[in-house]
Amino acid sequence: LGDVIGAALGAQLVAVLLGERPGMSATDSLGVYLTWGPRPGRTDAERNCVSNVRPDGLPIARAADTVAMLARAARQRQLTGIGLRIEPVGGAGGPFTALPDDPPRHAEHGRRT
């Protein structure tokens, strides 16, 4: 839905928040899916997901910081997905940083070009 609406509006970047699927162990969990250049036909390999956003998972403030960092990096690199990775700085509890993926990956095939 984000791809269709984002394309119709001419958005450069779209963020879609989804609640957890019924039957999963954490029913209060959210996922945030970011897509650069939304359009019908985009694949999951072309998105970044910030998942397990909930009180007993990824705290909301940290998730918001992560989404903001990904959005800034997506605008700089004009892509999301497998070509835009993040890693924690200073260990698993630290803030995240975007890592360059050099050489870039070809998003449709998940391989380096």
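Here are three short exercises with worked solutions on a predicted model.

Residues are numbered from 1 along each chain as its sequence is written. In this predicted model, local features need pLDDT of at least 70 and side-chain atom pairs count only at pLDDT 80 or more, while totals for chains, interfaces and linings use all residues; side-chain values use heavy atoms, with hydrogens and water left out.

**Exercise 1: the overall plan**

Find which elements make up the chain, and in what order they run.

*Solution.* Start with the counts: the chain has two helices and seven strands. Here helices (H or I, at least four residues) and strands (E, at least two) are DSSP runs, numbered from the N terminus. Next, read along from the N terminus, and the order is α-β-β-β-α-β-β-β-β. Finally, look at burial: 31% of the 113 residues are buried. Buried means under 20% relative accessible area, exposed over 50%, and partly exposed in between (1.4 Å probe, protein chains only).

**Exercise 2: building a sheet**

Work out the strand order of the open sheet of three strands, and which strands stand at its edges.

*Solution.* Two strands pair if DSSP finds at least two bridges between them. Step one: strand 1 (residues 13-19) and strand 2 run antiparallel, joined by seven bridges. Step two: strand 2 also pairs with strand 3 in the antiparallel sense, over five bridges. You can follow this at Val32, since Leu17 stands opposite Val32 of strand 2, and Val50 in strand 3 is a bridge partner of Val32. Step three: the order is therefore 1-2-3, with strand 1 and strand 3 at the edges, each having a single partner strand, so one side of each lacks a neighbour in the sheet. As for cover, five of the seven residues of strand 2 (residues 30-36) are buried.

**Exercise 3: a closer look at Asn48**

Decide whether Asn48 is buried or exposed, and find which backbone atoms its side chain meets.

*Solution.* First, locate Asn48: this residue sits in strand 3 (residues 47-53). Second, check its accessibility: Asn48 has 10% relative accessibility, so it counts as buried. Third, look for polar partners. A polar atom of the Asn48 side chain lies 2.7 Å from the backbone nitrogen of Gly81, and one lies 2.9 Å from the backbone oxygen of Leu84. Last, list contacts (heavy atoms within 4.5 Å). Leaving aside neighbours within four places in sequence, Asn48 touches residues including Val32, Tyr33, Leu34 and Leu70.

Conventions:
Polar contact = N/O pair within 3.5 Å; in protein donor to acceptor, adjacent residues only side chain to side chain.
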